[in-house]
Amino acid sequence: MTASSVAAEYNWLFWILVVVCGVVSTGIAFVVLYSAWYFRRKRDNELPPPSISNSVKMEAAWTLIPLFLFMGMFAWGAKLYFDIERPPDDAEQIYVVAKQWMWKTQRPDGIREINELHVPVGQSVKLLMISQDVVHSFYVPAFRIKQDVLPGRYTSIWFRAIKPGKYHLFCAEYCGTNHSQMIGWIYAMEQPQYQAWLQQGAAEGSLASDGEKLFHQGGCANCHHFDGHGPGPDLRGLYGTTVELADGTTTVADDVYIRRKLMDPRATTVRGFDKNVMPNFSKLVTEEDAIQLIAYIRSLGPAPTAPSSIGTAPDSYGKQPGIAYPGAGPIVNHTPGMQ
Ligand code: CUA
């Protein structure tokens with residue numbers, strides 16, 4: 001079954017590899033065996049045949065033809081690999097959390113699914129994935145995609161379904177007793193059906209609004225004041241910007257950075273916050289919580305000139321007018337010297 005934008009090309013490359021390698025290797029094996037039989041010593045007193053001088057043309061042919069053939073396949077494979085690994089810019093991002101033994105998916109509008117994922121046909125979907133426990137592997141054969149899902153680190157994969165249908169999702173990495181039951185379904189739907197499905201799947205709240213609740217329940221707001229005068233940096237406008245660190249280096253405040261700040265805050269220290277009093281939340285915050293918190297921080301627009309009131313976050317990220325995305329400049333809302 002082929003149901004994604006890369007699947008047909010993938011099949012072509014696979015079968016050409018199989019045919020070319022099959023023909024070349026059986027051809028070589030045949031010539032070796034045939035020559036051993038044909039040129040065998042036929043009589044006891046037979047002398048060795050006169051030696052043949054080499055033919056440059058022939059040697060060049062059997063070196064260069066296979067070289068171009070195989071380098072061509074390599075180049076094609078590399079191109080396809082990049083196509084599979086690099087999501088298009090318009091890809092919709094969906095988060096996947098793997099845990100023993102289920103797949104949980106969350107999308108920005110808040111719709112959550114377990115062992116299921118509904119996607120529209122023709123829309124590129126980027127999955128940002130992490131594991132709550134051990135290594136799993138997200139494998140959808142019909143889409144020709146497979147990606148390990150690791151604890152403590154985001155990995156991603158993307159696909160664009162081209163045919164409506166119900167496709168198997170497997171865990172392809174042995175992950176404990178019920179590994180074989182860690183399976184699910186991807187439903188690729190035409191736009192009208194997909195919109196209808198979205199309607200009935202009424203979400204309780206968006207990722208960002210869930211993240212906002214966690215932000216206040218977890219006490220984050222106690223330090224990260226929205227006036228720039230708290231013991232921690234003002235997080236408005238942080239997402240996607242370049243952060244200056246105490247050691248003089250810089251980093252981009254993306255999902256990876258913000259998650260790490262939650263789970264391993266001592267790993268980096270923001271310049272101007274040298275005491276780094278950020279507590280470690282790795283025991284308190286699940287990967288799903290982290291995704292919601294990141295969505296909340298992402299939903300916070302850039303800091304306005306006047307202090308804003310807490311709790312007015314937009315309920316959907318990615319559709320924020322005026323939000324600062326990559327390249328918007330460093331966060332400078334903190335006062336140097338403060339802890
Ligand atoms: Cu999860 Cu195997």
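A charge is said to sit over a ring when NZ of Lys or CZ of Arg is within 6 Å of the ring centre and within 35 degrees of the ring normal.

**View 1. Two lysines sit over tyrosine rings**. The charged end of Lys 146 is placed over the ring of Tyr 139, at 4.9 Å from its centre. Lys 42 does the like with Tyr 38, where its charged end lies 5.2 Å from the ring centre. A word on what you're looking at: this is a predicted model, in which local features need pLDDT of at least 70 and side-chain atom pairs count only at pLDDT 80 or more, while totals for chains, interfaces and linings use all residues. Residues are numbered from 1 along each chain as its sequence is written, and side-chain values use heavy atoms, with hydrogens and water left out.

**View 2. The whole chain, before we zoom back in.** The protein chain holds 7 helices and 12 strands; helices (H or I, at least four residues) and strands (E, at least two) are DSSP runs, numbered from the N terminus. Of its 339 residues, 40% count as buried. Here buried means under 20% relative accessible area, exposed means over 50%, and partly exposed is in between (1.4 Å probe, protein chains only). Take the contacts with a separation of 6 or more: 66% of them come from residues 24 or more positions apart. A contact means heavy atoms within 4.5 Å.

**View 3. Aromatic rings along helix H1**. The structure has 13 aromatic pairs, and one of them is Phe 30 with Tyr 34, stacked at 6.0 Å centre to centre with 15° between the planes. Rings of Phe, Tyr and Trp (its six-membered ring) pair if their centres lie within 6.5 Å; planes under 30 degrees apart count as stacked, over 60 as edge-to-face and the rest as tilted. Phe 30 and Tyr 34 are about one helical turn apart because they are 4 residues apart in helix H1 (residues 7-38). Next comes Tyr 34 with Tyr 38: the ring centres are 5.6 Å apart and the planes are at 15°, so this pair is stacked too. Tyr 34 and Tyr 38 are also 4 residues apart in H1, so about one helical turn separates them. How open are these rings? Phe 30 is exposed at 55% relative accessibility, Tyr 34 is partly exposed at 40%, and Tyr 38 is partly exposed at 39%. Together with Trp 37 and Phe 39, these three residues form one aromatic cluster.

**View 4. An open sheet of 5 strands**. Read across, the order is E4-E10-E9-E6-E7, with mixed pairing. Two strands pair if DSSP finds at least two bridges between them. Strand E4 (116-120) and strand E7 (145-149) stand at the edges; each has a single partner strand, so one side of each has no neighbour in the sheet. On average, neighbouring strands of this sheet are turned by 20° against each other, direction ignored. Helix H3 (residues 191-200) lies across E4 and strand E10 (184-189), and runs at about 130° to E4. For such angles, axes are lines fitted to C-alpha atoms, for helices over the stretch in contact, and angles run from 0 to 180 degrees between N-to-C directions.

**View 5. Strand E6 and its two partners**. On one side, 2 bridges join E6 (residues 136-140) to E9 (residues 165-171), and the two run antiparallel. Phe 138 stands opposite Cys 171 in E9, and Cys 171 is buried because its relative accessibility is 8%. E6 also pairs with E7 in the antiparallel sense, over 5 bridges, with Ser 137 opposite Asp 148 in E7. The hairpin of E6 and E7 has 4 residues between the strands, and Arg 144 takes a positive phi near 60° there. Along E7, Ile 145, Gln 147 and Val 149 point to one face and are buried, while Lys 146 and Asp 148 point to the other and are not. In a regular strand, side chains alternate between the two faces of the sheet.

**View 6. Ala 98 and its surroundings.** Ala 98 is part of strand E1 (residues 92-99). Is Ala 98 buried or exposed? With 0% relative accessibility, Ala 98 is buried. Beyond its neighbours within four places in sequence, Ala 98 has contacts that include Trp 103, Ile 130, Val 149 and Met 182. Another contact is His 136, 38 residues away along the chain, yet the two C-alpha atoms are separated by 6.9 Å.
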